[in-house]
Amino acid sequence: MTLELVRFINRTVELERLARYAEKGYYPVFFLYGPEGCGKTRLLVEFIKIIKEKENYVVIYVDAQDTRSIRSCLYGTEDIVSLIPTIVGVVSEPAGKALAKILPYVIERYFERKILGKHVIIALDDVVRPLGLEIIESYTKKLLDFLEWLISRGAKSAFIIATTSEGKSRRLLARHNYVTLHELWNLDPNSTKILLNELNCPQSMLENIWFLTGGNPRAIIELALKNWDIEEWLSNIKVRIRASLEKALGKFKVELKHVLEDIDSVLDNPKILEILLDANLIAPIDRPCLGYTPPVNYELGIGKYYAWQIPAYREVLKQLLKAS
Ligand SMILES: Nc1ncnc2c1ncn2[C@@H]1O[C@H](COP(=O)(O)OP(=O)(O)OP(=O)(O)O)[C@@H](O)[C@H]1O
Ligand SMILES: [Mg+2]
(Lines give C-alpha, C1' and ligand atoms only; values in the text may rest on other atoms or scores of the structure.)
(Ligands and ions follow the chains in the order given, each with its own letter.)
Protein backbone atom coordinates (compact mmCIF):
# COMPACT_ATOMS: atom_id res chain seq x y z
CA MET A 1 0.00 0.00 0.00
CA THR A 2 1.09 3.57 -0.66
CA LEU A 3 3.36 5.36 1.80
CA GLU A 4 1.46 8.13 3.51
CA LEU A 5 4.28 10.55 4.08
CA VAL A 6 2.09 13.58 4.02
CA ARG A 7 -1.54 14.36 4.81
CA PHE A 8 -3.95 13.84 1.95
CA ILE A 9 -4.46 17.00 -0.05
CA ASN A 10 -7.55 18.00 -1.97
CA ARG A 11 -9.05 15.57 -4.54
CA THR A 12 -12.45 16.73 -3.30
CA VAL A 13 -14.14 16.50 -6.68
CA GLU A 14 -12.69 13.04 -7.33
CA LEU A 15 -13.73 11.77 -3.89
CA GLU A 16 -17.25 13.12 -4.34
CA ARG A 17 -17.63 11.37 -7.64
CA LEU A 18 -16.36 8.08 -6.28
CA ALA A 19 -18.65 8.36 -3.25
CA ARG A 20 -21.60 8.93 -5.56
CA TYR A 21 -20.79 5.82 -7.61
CA ALA A 22 -20.31 3.84 -4.40
CA GLU A 23 -23.77 4.82 -3.24
CA LYS A 24 -25.69 4.56 -6.50
CA GLY A 25 -23.62 1.83 -8.13
CA TYR A 26 -21.76 2.05 -11.41
CA TYR A 27 -22.04 0.05 -14.62
CA PRO A 28 -19.88 -1.26 -16.30
CA VAL A 29 -16.37 -1.69 -14.83
CA PHE A 30 -14.67 1.63 -13.96
CA PHE A 31 -11.01 1.83 -14.99
CA LEU A 32 -8.89 4.63 -13.56
CA TYR A 33 -5.60 5.45 -15.19
CA GLY A 34 -3.14 8.31 -15.14
CA PRO A 35 0.56 9.23 -14.90
CA GLU A 36 2.77 7.16 -12.62
CA GLY A 37 2.72 8.60 -9.13
CA CYS A 38 -0.19 11.00 -9.77
CA GLY A 39 -2.04 9.60 -6.75
CA LYS A 40 -4.35 6.81 -7.96
CA THR A 41 -3.55 4.46 -5.09
CA ARG A 42 -3.71 7.19 -2.48
CA LEU A 43 -7.07 8.38 -3.82
CA LEU A 44 -8.47 4.85 -3.66
CA VAL A 45 -7.14 4.24 -0.17
CA GLU A 46 -8.48 7.56 1.15
CA PHE A 47 -11.83 6.87 -0.52
CA ILE A 48 -12.03 3.44 1.07
CA LYS A 49 -11.01 4.79 4.47
CA ILE A 50 -14.10 7.03 4.35
CA ILE A 51 -16.68 4.57 3.05
CA LYS A 52 -15.43 1.62 5.07
CA GLU A 53 -16.86 3.31 8.16
CA LYS A 54 -20.33 3.70 6.67
CA GLU A 55 -23.12 1.38 7.58
CA ASN A 56 -24.36 -0.95 4.86
CA TYR A 57 -21.16 -0.77 2.85
CA VAL A 58 -18.96 -3.72 1.99
CA VAL A 59 -15.56 -2.63 0.71
CA ILE A 60 -12.63 -4.69 -0.48
CA TYR A 61 -9.37 -3.19 -1.75
CA VAL A 62 -6.66 -5.37 -3.32
CA ASP A 63 -3.15 -4.15 -4.02
CA ALA A 64 -2.34 -6.36 -6.99
CA GLN A 65 1.34 -5.36 -6.95
CA ASP A 66 1.91 -6.49 -3.38
CA THR A 67 3.84 -9.74 -3.44
CA ARG A 68 4.14 -10.39 0.30
CA SER A 69 1.03 -12.21 1.54
CA ILE A 70 -2.70 -12.36 0.85
CA ARG A 71 -3.38 -10.45 4.07
CA SER A 72 -1.00 -7.62 3.23
CA CYS A 73 -2.69 -7.03 -0.16
CA LEU A 74 -6.10 -6.59 1.42
CA TYR A 75 -7.87 -3.68 3.04
CA GLY A 76 -11.53 -3.06 3.78
CA THR A 77 -14.52 -4.49 5.62
CA GLU A 78 -12.89 -6.35 8.46
CA ASP A 79 -15.16 -9.39 8.85
CA ILE A 80 -14.65 -10.31 5.19
CA VAL A 81 -11.04 -9.24 4.76
CA SER A 82 -9.89 -11.17 7.81
CA LEU A 83 -11.35 -14.45 6.48
CA ILE A 84 -10.02 -14.27 2.93
CA PRO A 85 -6.39 -15.33 3.66
CA THR A 86 -7.56 -18.62 5.23
CA ILE A 87 -9.98 -19.29 2.40
CA VAL A 88 -7.38 -18.60 -0.28
CA GLY A 89 -4.62 -20.53 1.50
CA VAL A 90 -1.21 -20.97 -0.11
CA VAL A 91 -0.78 -19.54 -3.59
CA SER A 92 1.85 -20.34 -6.18
CA GLU A 93 1.92 -16.85 -7.70
CA PRO A 94 2.78 -13.45 -6.19
CA ALA A 95 0.05 -12.77 -3.60
CA GLY A 96 -1.54 -9.65 -5.15
CA LYS A 97 -1.71 -11.18 -8.59
CA ALA A 98 -3.25 -14.41 -7.28
CA LEU A 99 -5.78 -12.55 -5.15
CA ALA A 100 -6.87 -10.19 -7.93
CA LYS A 101 -7.63 -13.23 -10.07
CA ILE A 102 -9.39 -15.31 -7.44
CA LEU A 103 -11.33 -12.61 -5.55
CA PRO A 104 -14.56 -12.77 -7.63
CA TYR A 105 -14.72 -16.53 -7.09
CA VAL A 106 -14.05 -16.19 -3.34
CA ILE A 107 -16.81 -13.61 -2.90
CA GLU A 108 -19.28 -15.59 -5.00
CA ARG A 109 -18.54 -18.84 -3.23
CA TYR A 110 -18.20 -17.70 0.40
CA PHE A 111 -19.72 -14.28 0.90
CA GLU A 112 -23.02 -14.27 -0.99
CA ARG A 113 -24.99 -13.60 2.18
CA LYS A 114 -22.69 -10.76 3.25
CA ILE A 115 -23.44 -8.68 0.16
CA LEU A 116 -27.22 -8.88 0.44
CA GLY A 117 -28.70 -5.37 0.70
CA LYS A 118 -25.24 -3.78 0.87
CA HIS A 119 -23.44 -1.22 -1.23
CA VAL A 120 -20.52 -3.26 -2.53
CA ILE A 121 -17.26 -1.64 -3.63
CA ILE A 122 -14.41 -3.69 -5.05
CA ALA A 123 -11.16 -1.80 -5.74
CA LEU A 124 -8.38 -3.55 -7.66
CA ASP A 125 -5.27 -1.44 -7.62
CA ASP A 126 -2.61 -1.63 -10.30
CA VAL A 127 -3.88 -4.81 -11.89
CA VAL A 128 -2.42 -4.56 -15.38
CA ARG A 129 1.30 -5.09 -14.77
CA PRO A 130 1.02 -8.18 -12.54
CA LEU A 131 -1.73 -9.80 -14.61
CA GLY A 132 -0.17 -8.94 -17.95
CA LEU A 133 -1.48 -7.05 -20.96
CA GLU A 134 -2.39 -10.28 -22.73
CA ILE A 135 -5.13 -11.19 -20.25
CA ILE A 136 -6.31 -7.78 -19.10
CA GLU A 137 -9.17 -7.68 -21.60
CA SER A 138 -10.55 -11.09 -20.63
CA TYR A 139 -9.96 -10.31 -16.95
CA THR A 140 -11.95 -7.08 -17.20
CA LYS A 141 -14.75 -8.98 -18.92
CA LYS A 142 -14.78 -11.36 -15.96
CA LEU A 143 -15.05 -8.36 -13.64
CA LEU A 144 -18.16 -7.31 -15.52
CA ASP A 145 -19.65 -10.78 -15.00
CA PHE A 146 -18.81 -10.40 -11.33
CA LEU A 147 -20.47 -6.96 -11.20
CA GLU A 148 -23.60 -8.47 -12.73
CA TRP A 149 -23.48 -11.33 -10.27
CA LEU A 150 -23.34 -8.88 -7.33
CA ILE A 151 -26.40 -7.04 -8.60
CA SER A 152 -28.32 -10.23 -9.41
CA ARG A 153 -27.65 -11.61 -5.91
CA GLY A 154 -29.18 -8.67 -4.13
CA ALA A 155 -26.40 -6.14 -3.52
CA LYS A 156 -28.03 -2.74 -3.04
CA SER A 157 -25.50 -1.30 -5.46
CA ALA A 158 -22.16 -2.39 -6.87
CA PHE A 159 -19.08 -0.49 -8.03
CA ILE A 160 -15.94 -2.17 -9.35
CA ILE A 161 -12.98 0.12 -9.81
CA ALA A 162 -9.59 -0.97 -11.18
CA THR A 163 -6.49 1.14 -11.76
CA THR A 164 -3.45 1.11 -14.03
CA SER A 165 -0.55 3.34 -14.93
CA GLU A 166 0.61 0.92 -17.60
CA GLY A 167 0.83 2.96 -20.79
CA LYS A 168 -0.68 0.63 -23.35
CA SER A 169 -3.63 -0.77 -21.42
CA ARG A 170 -5.87 2.22 -22.04
CA ARG A 171 -5.86 1.58 -25.77
CA LEU A 172 -6.60 -2.11 -25.31
CA LEU A 173 -9.47 -1.49 -22.93
CA ALA A 174 -10.90 1.39 -24.95
CA ARG A 175 -12.06 -1.17 -27.55
CA HIS A 176 -14.63 -2.70 -25.21
CA ASN A 177 -18.01 -1.62 -23.94
CA TYR A 178 -17.66 -3.55 -20.68
CA VAL A 179 -15.37 -0.90 -19.26
CA THR A 180 -15.29 2.88 -19.04
CA LEU A 181 -12.00 4.75 -18.77
CA HIS A 182 -11.38 7.68 -16.45
CA GLU A 183 -8.22 9.63 -15.97
CA LEU A 184 -6.70 11.03 -12.81
CA TRP A 185 -4.20 13.78 -13.52
CA ASN A 186 -1.46 15.23 -11.31
CA LEU A 187 -2.44 17.79 -8.66
CA ASP A 188 -3.70 21.23 -9.69
CA PRO A 189 -1.42 24.25 -9.09
CA ASN A 190 -3.04 25.27 -5.82
CA SER A 191 -2.97 21.77 -4.29
CA THR A 192 0.63 21.43 -5.45
CA LYS A 193 1.51 24.60 -3.58
CA ILE A 194 -0.16 23.26 -0.43
CA LEU A 195 1.73 19.96 -0.76
CA LEU A 196 5.02 21.81 -1.28
CA ASN A 197 4.39 23.94 1.79
CA GLU A 198 3.49 20.86 3.87
CA LEU A 199 6.86 19.44 2.87
CA ASN A 200 8.64 22.70 3.78
CA CYS A 201 9.81 23.43 0.28
CA PRO A 202 11.89 26.65 0.23
CA GLN A 203 9.66 29.47 -1.03
CA SER A 204 12.16 30.49 -3.70
CA MET A 205 11.85 27.04 -5.31
CA LEU A 206 8.07 26.73 -5.46
CA GLU A 207 7.66 27.94 -9.01
CA ASN A 208 10.58 25.99 -10.43
CA ILE A 209 9.37 22.79 -8.82
CA TRP A 210 5.89 23.27 -10.25
CA PHE A 211 7.45 23.69 -13.71
CA LEU A 212 9.51 20.51 -13.30
CA THR A 213 6.99 18.21 -11.60
CA GLY A 214 3.71 19.52 -13.02
CA GLY A 215 2.12 18.71 -9.65
CA ASN A 216 3.02 15.00 -9.63
CA PRO A 217 2.93 14.11 -5.92
CA ARG A 218 5.44 11.25 -6.12
CA ALA A 219 7.95 13.48 -7.92
CA ILE A 220 7.42 16.18 -5.29
CA ILE A 221 7.88 13.74 -2.40
CA GLU A 222 11.03 12.35 -4.06
CA LEU A 223 12.43 15.87 -4.28
CA ALA A 224 11.59 16.55 -0.64
CA LEU A 225 13.36 13.33 0.37
CA LYS A 226 16.38 14.52 -1.60
CA ASN A 227 16.35 17.79 0.31
CA TRP A 228 15.18 19.65 -2.78
CA ASP A 229 18.34 18.76 -4.65
CA ILE A 230 16.98 19.26 -8.16
CA GLU A 231 20.27 18.41 -9.89
CA GLU A 232 20.47 15.01 -8.26
CA TRP A 233 16.80 14.32 -8.98
CA LEU A 234 17.22 15.26 -12.65
CA SER A 235 20.33 13.17 -12.99
CA ASN A 236 18.43 10.12 -11.68
CA ILE A 237 15.72 10.76 -14.25
CA LYS A 238 18.40 11.07 -16.92
CA VAL A 239 19.74 7.61 -16.15
CA ARG A 240 16.26 6.17 -16.30
CA ILE A 241 15.32 7.81 -19.60
CA ARG A 242 18.65 6.95 -21.18
CA ALA A 243 18.14 3.32 -20.23
CA SER A 244 14.53 3.10 -21.40
CA LEU A 245 15.07 4.96 -24.70
CA GLU A 246 18.54 3.57 -25.39
CA LYS A 247 18.09 2.63 -29.06
CA ALA A 248 15.46 5.24 -29.89
CA LEU A 249 17.70 8.17 -28.89
CA GLY A 250 19.96 7.64 -31.89
CA LYS A 251 17.50 6.11 -34.30
CA PHE A 252 14.63 8.59 -33.91
CA LYS A 253 16.50 11.77 -32.99
CA VAL A 254 14.65 13.99 -35.47
CA GLU A 255 11.23 12.59 -34.61
CA LEU A 256 11.84 12.91 -30.87
CA LYS A 257 12.98 16.52 -31.29
CA HIS A 258 9.75 17.23 -33.11
CA VAL A 259 7.73 15.75 -30.25
CA LEU A 260 9.65 17.90 -27.77
CA GLU A 261 8.35 20.96 -29.58
CA ASP A 262 4.80 19.74 -30.02
CA ILE A 263 3.67 16.85 -27.85
CA ASP A 264 0.50 16.25 -29.89
CA SER A 265 2.64 15.47 -32.94
CA VAL A 266 3.01 11.94 -31.47
CA LEU A 267 -0.36 11.35 -33.06
CA ASP A 268 1.30 11.53 -36.49
CA ASN A 269 3.99 9.03 -35.54
CA PRO A 270 2.68 5.72 -34.15
CA LYS A 271 6.18 4.32 -33.57
CA ILE A 272 7.28 7.25 -31.38
CA LEU A 273 3.91 7.20 -29.64
CA GLU A 274 4.42 3.56 -28.74
CA ILE A 275 7.99 4.10 -27.55
CA LEU A 276 7.07 7.02 -25.31
CA LEU A 277 3.95 5.32 -23.94
CA ASP A 278 5.88 2.16 -23.32
CA ALA A 279 8.56 4.08 -21.40
CA ASN A 280 5.79 5.79 -19.40
CA LEU A 281 7.11 9.23 -20.33
CA ILE A 282 3.91 10.55 -21.84
CA ALA A 283 0.22 9.99 -21.18
CA PRO A 284 -2.92 10.67 -23.15
CA ILE A 285 -5.19 13.30 -21.68
CA ASP A 286 -8.90 12.68 -21.54
CA ARG A 287 -10.85 15.87 -21.42
CA PRO A 288 -12.43 16.09 -18.90
CA CYS A 289 -10.47 13.99 -16.39
CA LEU A 290 -12.15 12.58 -13.27
CA GLY A 291 -11.46 15.83 -11.41
CA TYR A 292 -8.74 18.35 -12.20
CA THR A 293 -8.19 18.54 -15.96
CA PRO A 294 -4.94 20.26 -16.97
CA PRO A 295 -5.39 23.03 -19.52
CA VAL A 296 -3.25 23.00 -22.66
CA ASN A 297 0.08 24.52 -21.62
CA TYR A 298 3.06 24.16 -23.95
CA GLU A 299 5.45 25.39 -21.27
CA LEU A 300 4.49 22.35 -19.16
CA GLY A 301 4.42 20.04 -22.18
CA ILE A 302 0.67 19.59 -21.99
CA GLY A 303 -1.03 19.32 -25.34
CA LYS A 304 -4.66 18.85 -26.22
CA TYR A 305 -4.40 15.07 -26.56
CA TYR A 306 -1.09 14.07 -24.96
CA ALA A 307 1.22 15.36 -22.24
CA TRP A 308 4.56 14.55 -20.64
CA GLN A 309 3.72 12.70 -17.43
CA ILE A 310 5.92 15.23 -15.69
CA PRO A 311 7.49 18.23 -17.45
CA ALA A 312 10.99 17.25 -16.27
CA TYR A 313 10.94 14.28 -18.70
CA ARG A 314 10.83 16.68 -21.62
CA GLU A 315 13.66 18.79 -20.19
CA VAL A 316 15.85 15.74 -19.61
CA LEU A 317 15.10 14.29 -23.03
CA LYS A 318 16.04 17.64 -24.57
CA GLN A 319 19.43 17.45 -22.84
CA LEU A 320 19.96 13.83 -23.88
CA LEU A 321 19.21 14.58 -27.52
CA LYS A 322 21.54 17.56 -27.49
CA ALA A 323 24.33 15.39 -26.14
CA SER A 324 23.77 12.44 -28.51
N1 LIG B 1 -3.53 14.15 -2.82
C2 LIG B 1 -2.38 13.77 -2.23
N3 LIG B 1 -1.96 14.38 -1.10
C4 LIG B 1 -0.80 14.00 -0.51
N5 LIG B 1 0.01 13.02 -0.95
C6 LIG B 1 -0.37 12.37 -2.06
C7 LIG B 1 -1.58 12.71 -2.75
N8 LIG B 1 -1.70 11.90 -3.81
C9 LIG B 1 -0.63 11.09 -3.78
N10 LIG B 1 0.17 11.36 -2.73
C11 LIG B 1 1.43 10.68 -2.39
O12 LIG B 1 2.21 10.62 -3.58
C13 LIG B 1 2.84 9.37 -3.72
C14 LIG B 1 2.41 8.71 -5.02
O15 LIG B 1 1.03 8.45 -4.96
P16 LIG B 1 0.39 7.05 -5.41
O17 LIG B 1 1.25 5.91 -5.01
O18 LIG B 1 -1.01 7.04 -4.95
O19 LIG B 1 0.44 7.21 -7.00
P20 LIG B 1 -0.09 6.19 -8.11
O21 LIG B 1 -0.77 7.01 -9.14
O22 LIG B 1 -0.86 5.11 -7.47
O23 LIG B 1 1.30 5.63 -8.65
P24 LIG B 1 1.53 4.35 -9.60
O25 LIG B 1 1.17 4.81 -10.97
O26 LIG B 1 2.99 4.04 -9.48
O27 LIG B 1 0.64 3.26 -9.09
C28 LIG B 1 2.47 8.57 -2.47
O29 LIG B 1 3.49 8.72 -1.49
C30 LIG B 1 1.18 9.23 -2.00
O31 LIG B 1 0.95 9.06 -0.60
MG1 LIG C 1 -0.58 3.03 -7.50
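**Exercise 1. The shell around ligand 1**

Task: In this predicted model, find how the residues of the shell around ligand 1 divide into nonpolar, polar and charged, and state where the ligand lies relative to the domains.

Solution.
Step 1. Sort the shell by class: nine residues are nonpolar, six are polar and seven are charged.
Step 2. Pick out the nearest residues. Of the 22 residues around the ligand, those that come nearest are Gly39, Thr41, Arg42, Ser165 and Pro217.
Step 3. Look for helices that contribute. At least two residues of the shell come from helix 2 (40–52), and at least two from helix 12 (217–225).
Step 4. Assign the shell to domains. Both domain 1 (12–183) and domain 2 (189–323) give residues to it, so ligand 1 lies between the two domains.

**Exercise 2. Contact between the domains**

Task: State how far apart the C-alpha centres of domain 1 and domain 2 lie, and how many residues of each domain are in contact with the other.

Solution.
Step 1. Take the bounds from the domain assignment, which gives domain 1 as 12–183 and domain 2 as 189–323.
Step 2. The C-alpha centres of these domains are 29 Å apart.
Step 3. In the contact between them, domain 1 takes part with 17 residues and domain 2 with 16.
Step 4. On the side of domain 1 that touches domain 2, helix 1 (12–24) and strand 6 (179–183) are the elements giving two or more residues.
Step 5. That side of domain 1 holds five nonpolar, six polar and six charged residues.

**Exercise 3. Strand 2 and its partners**

Task: Decide whether strand 2 is largely enclosed or open, and find which residues stand opposite Ile60 in strand 4 and strand 3.

Solution.
Step 1. Count the buried residues of strand 2. Seven of seven are buried, so the strand is largely enclosed by the rest of the structure.
Step 2. Check each face. Tyr57, Val59, Tyr61 and Asp63 are buried on one side, and Val58, Ile60 and Val62 on the other.
Step 3. Strand 2 runs parallel to strand 4 (residues 119–125), with seven bridges joining them. Here Ile60 stands opposite Ile122.
Step 4. Strand 2 runs antiparallel to strand 3 (residues 74–76), with three bridges. On this side the bridge partner of Ile60 is Gly76.

**Exercise 4. The largest nonpolar core**

Task: Name the residues that touch the most other members of the largest nonpolar core, and the strand that supplies its largest share.

Solution.
Step 1. The core has 58 residues, and Phe30, Val62, Ile121, Phe159 and Ile160 touch the most other members.
Step 2. Strand 2 (residues 57–63) provides the largest share, with six residues.
Step 3. Follow one member. Beyond its neighbours within four places in sequence, Phe159 is in contact with Tyr21, Ala22, Gly25, Tyr26, Phe30 and Ile121.
Step 4. A separate core of 32 residues also exists; among its members are Leu223, Leu276, Ala283 and Ile310.

**Exercise 5. Leu173 and strand 1**

Task: Decide whether Leu173 is buried or exposed, and find the bridge partner of Phe31 in strand 6.

Solution.
Step 1. Locate Leu173 in helix 9 (residues 169–173).
Step 2. Within 10 Å there are 21 other C-beta atoms, and the cut-off for a buried residue is 20 or more, so Leu173 is buried.
Step 3. List its contacts, leaving out residues up to four places away in sequence: Leu173 touches Phe31, Ile136, Glu137, Thr140, Val179 and Leu181.
Step 4. Turn to strand 1 (residues 29–33), where five of five residues are buried. Strand 1 pairs with strand 6 in the parallel sense over five bridges, and the partner of Phe31 there is Leu181.
Step 5. Strand 1 also pairs in the parallel sense with strand 5 (residues 157–164), over four bridges. In strand 5, Thr164 is the bridge partner of Tyr33.

Note on methods: Residues numbered from 1 in each chain as written. Chains lettered and ligands numbered in written order. Predicted model: local features only at pLDDT ≥ 70, side-chain atom pairs only at ≥ 80, totals over all residues. Core = buried A, V, L, I, M, F, W, Y, C linked by C-beta atoms within 7 Å. Buried ≥ 20, exposed ≤ 12 C-beta atoms within 10 Å, placed from the backbone. Contact = placed C-beta atoms within 7 Å. Near = placed C-beta within 6 Å. Nonpolar A, V, L, I, M, F, W, Y, C, P; charged D, E, K, R; others polar. Domains from an automatic or database assignment. Pairing = 2+ DSSP bridges.
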